[in-house]
Amino acid sequence: MKMNGIDFMKYCLHPISLLLIILFIKLTAFQIIIFDNKSFFHILLVEFPLWALTVIILTMIFKKRTWLAIWTYYLFLSILFIVVLYYTRYFSTVPSYYDVKQIYQSNSVGGTVALLGTPFDYLFFLDVILIIPLIWYFSKEGRSLSFSNARGWAIGFSCFGLLMTIIAFRYPLIDVSYFAKKHGYIQSQIVQAFERSIGKALASNDDLSEQKIEELKGNSYVPFTEHASYGLARNRQVFTIQVESLQKFVINLKINNHEITPNLNALLKDSAYFNNVYQQIGAGNTSDAEWLMHTSLYPEGMDPTVNLIDGSEIPSLVRTLEKNGYGTATYHADDINYWNRDQLYPSLGFDYVYTNKEIPNVKEIGFGPADEVLFEYVESQLPKQLKKHNLMYSNIITLTNHTPFEMPKNYQTLKLPERFHDTYVGNYLQSVHYTDQQIGLFIEQLKQRGLYENSVILIYGDHSGLHGAPVTANDKKLLKSLLGHEYNMNDRFIVPVLFTAPGIFTGETNSQLGGQIDLMPTLLNLLGIEHESQMIGHNLFQYEKNLLGMRYYLPGGSFISDNAIYTAPSAKLSASIYNRKTMKQVKNVEGLQQKMNYTLMIMQHSDYIRMKETKN
Ligand code: GP9
Ligand code: MN
């Protein structure tokens with residue numbers, strides 16, 4: 001059949017054609033904003049077919065109320081794109097269906113969501129509004145949406161969609177955002193769902209021994225019990241204080257001669273301080289830091305690791321301490337279901353679990369009781385626990401210093417210059433100052449109870465607080481004035497680590513590279529306790545060199561080595577290498593490919609252990 005000019009115009013003006021054009025424009029906007037992808041052909045050939053196929057299928061399924069079905073689909077897409085946009089702005093990574101499933105978790109961080117949006121974002125809803133007159137016009141005319149060659153279109157889009165999906169399956173899924181950019185958003189979800197369903201993930205059974213892992217990191221292996229630090233803090237009470245959103249740059253920082261963290265600074269004199277330890281959490285944020293601390297295994301990355309845990313027993317720091325005579329308790333003033341802690345804590349094996357059911361819900365700041373309530377609660381429990389157990393392991397997770405860091409005025413006791421007032425950075429410093437004060441009071445209590453002298457207290461940050469869209473251009477200027485340089489990845493990703501043990505440490509600073517994965521082996525070595533299951537991290541007191549992986553907050557495939565930070569290509573950026581000391585970008589680094597391979601090998605081996613231990 002030959003098509004003349006009038007037929008062609010009719011074809012273009014057919015409501016389905018108009019709807020597909022609108023969909024294409026919407027997808028283009030999504031691609032440009034999220035992936036910086038301006039390639040017409042890439043969008044047309046890789047992205048468009050699968051989204052468009054849905055429209056055609058809807059016309060075939062819904063013979064009546066077709067308009068309503070399509071309108072609902074476009075509305076769904078607007079909501080989905082906004083969610084992806086906000087998520088990407090906050091976490092700098094494109095979410096998968098898994099993360100979106102997790103979105104209910106943002107109930108507690110609702111304050112931050114408000115900081116992520118701009119009025120322009122709502123242009124994603126423009127088409128949903130614009131097609132209403134179209135619906136009205138066509139339904140008035142009595143024209144249906146059915147068209148004769150729906151089946152042909154469906155076959156065409158299916159073929160293209162299938163071809164692109166087959167191509168996607170041929171590539172390794174190391175970084176989901178990058179994969180989605182290259183091979184299509186829907187395809188990235190299909191490949192991910194498939195890999196999860198067959199349990200492939202990235203795990204590999206290379207059976208790397210502890211010795212081999214040390215060699216890959218660049219160290220000569222020394223048996224655990226032969227390390228100089230082995231057993232230095234034997235038979236001490238153990239406290240871990242995981243401080244919400246605490247970054248290293250605040251330690252010893254002064255503004256107009258006022259210290260941000262006077263209490264932690266004072267504690268340094270009884271501590272071994274590590275000032276080059278990087279966060280390694282993935283999508284599970286706080287809970288991933290808890291995971292790293294208690295297993296010395298990598299978090300899953302794209303999925304909060306806690307989602308893979310079902311409450312059954314796994315080897316952990318907690319169980320090892322218990323076998324060595326410790327009673328074990330964990331404290332966090334939030335809902336036990338948040339981050340699946342109702343599964344995590346039984347898996348790790350704590351004797352006592354205290355969450356917002358037990359810790360009184362008073363003096364609320366943000367989404368839970370203030371840290372002073374938490375620490376007072378710990379103090380109230382300790383005496384009875386110590387009657388039952390000679391030795392206690394107390395794991396304390398603070399909460400107050402959480403984004404958006406807004407504190408009641410009477411809690412803002414740090415004297416800040418005017419220019420910091422009511423800024424995100426200013427609020428952050430105020431809230432860090434508050435938590436520091438509470439840690440100071442807690443230490444004071446330990447001293448008064450005569451516990452301090454016989455304790456080892458590990459204090460560390462779970463992850464950065466200053467990142468993503470809430471940090472404005474003005475905040476960056478303020479940070480530059482504080483730091484003397486542009487706020488960089490080291491400022492963001494390094495968390496402070498203090499092993500406070502009076503009588504053992506006298507204020508030494510250790511600058512070798514470390515990650516949160518190293519906290520458990522370092523602590524166990526000090527206590528002179530061996531762990532039965534393999535740990536991926538190592539004793540920071542023993543080893544000089546390191547090789548750290550990070551997923552999620554850096555594109556998969558990135559690594560941190562002694563002299564470089566390599567960021568693998570992402571949805572928006574190409575690969576970059578930085579000199580880790582100067583944070584200047586460099587063209588190359590010695591052994592780049594080898595380090596990339598070794599990092600992947602170590603992480604895959606870690607995944608293998610995790611999957612074996614959690615059966616997930
Ligand atoms: C939630 C609290 C904060 O219970 O630990 O978690 P985060 O938002 O930092 O992951
Ligand atoms: Mn946190």
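**Close-up views of a predicted model: Thr 286, Glu 244 and ligand 1**

**View 1. Contacts of Thr 286.** Beyond its neighbours within four places in sequence, Thr 286 touches Gln 242, Glu 244, Trp 339, Arg 341, Ile 397, Asp 462 and His 463. The model shown here is predicted. Thr 286 belongs to helix α13, which covers residues 285-295. Its relative accessibility is 7%, so Thr 286 counts as buried; the cut-off for buried is under 20%. One contact partner, Glu 244, also pairs with Thr 286 through polar atoms: their side chains make a polar contact of 3.1 Å.

**View 2. Glu 244 and its surroundings.** Glu 244 sits in a loop. On one side of that loop in sequence is β1 (237-243), and on the other is β2 (254-255). The relative accessible area of Glu 244 is 2%, so this residue is buried. Leaving out neighbours within four places in sequence, Glu 244 contacts Thr 286, Thr 398, Leu 399, Asn 401, His 402, Asp 462 and His 463. The side chain of Glu 244 also makes a polar contact with the side chain of Ser 245, at 2.9 Å. A polar contact of 3.1 Å links the side chains of Glu 244 and Thr 286.

**View 3. The annotated binding-site residues.** An unreviewed UniProt entry places the feature "binding site" at Glu 244, Thr 286, Asp 462 and His 463. These residues are spread over 220 residues of sequence, yet they cluster in space. The largest C-alpha distance is 7.4 Å. The contacts fit this picture. Glu 244 is in contact with Thr 286, Asp 462 and His 463. Thr 286 is likewise in contact with Glu 244, Asp 462 and His 463.

**View 4. The shell around ligand 1.** There are 13 residues around ligand 1. Those that come nearest are Asn 285, Thr 286, Asp 334, Arg 341 and His 402. By type, the shell holds five nonpolar, five polar and three charged residues. Two of the nearest residues also appear in the earlier views: Arg 341 among the contacts of Thr 286, and His 402 among those of Glu 244.

**View 5. Polar pairs at ligand 1.** Which side chains place an N or O atom 2.7 Å from an oxygen atom of ligand 1? Arg 341 does so, and so does His 402. His 332 has a polar side-chain atom 2.9 Å from an oxygen atom of ligand 1. Taken alone, ligand 1 exposes 300 Å², and the protein buries 97% of that area.

Notes. Residues are numbered from 1 along each chain as its sequence is written. Chains are lettered from A and ligands numbered from 1 in the order in which they are written. This is a predicted model: local features need pLDDT of at least 70, side-chain atom pairs count only at pLDDT 80 or more; totals for chains, interfaces and linings use all residues. Side-chain values use heavy atoms; hydrogens and water are left out. UniProt positions are given in the numbering used here, feature names are shortened, and annotations may be inferred rather than shown by experiment. Helices (H or I, at least four residues) and strands (E, at least two) are DSSP runs, numbered from the N terminus. Buried means under 20% relative accessible area, exposed over 50%, partly exposed in between (1.4 Å probe, protein chains only). Contact means heavy atoms within 4.5 Å. A polar contact is a pair of N or O atoms within 3.5 Å; within protein, one must be able to donate a hydrogen and the other to accept it, and residues adjacent in sequence count only if both atoms are side-chain atoms. A residue is near a molecule or strand if one of its heavy atoms lies within 4 Å of it. Accessible areas come from the Shrake-Rupley method with a 1.4 Å probe; for residues, only the protein chains shown count as cover. Ala, Val, Leu, Ile, Met, Phe, Trp, Tyr, Cys and Pro count as nonpolar, Asp, Glu, Lys and Arg as charged, and the others, Gly among them, as polar.
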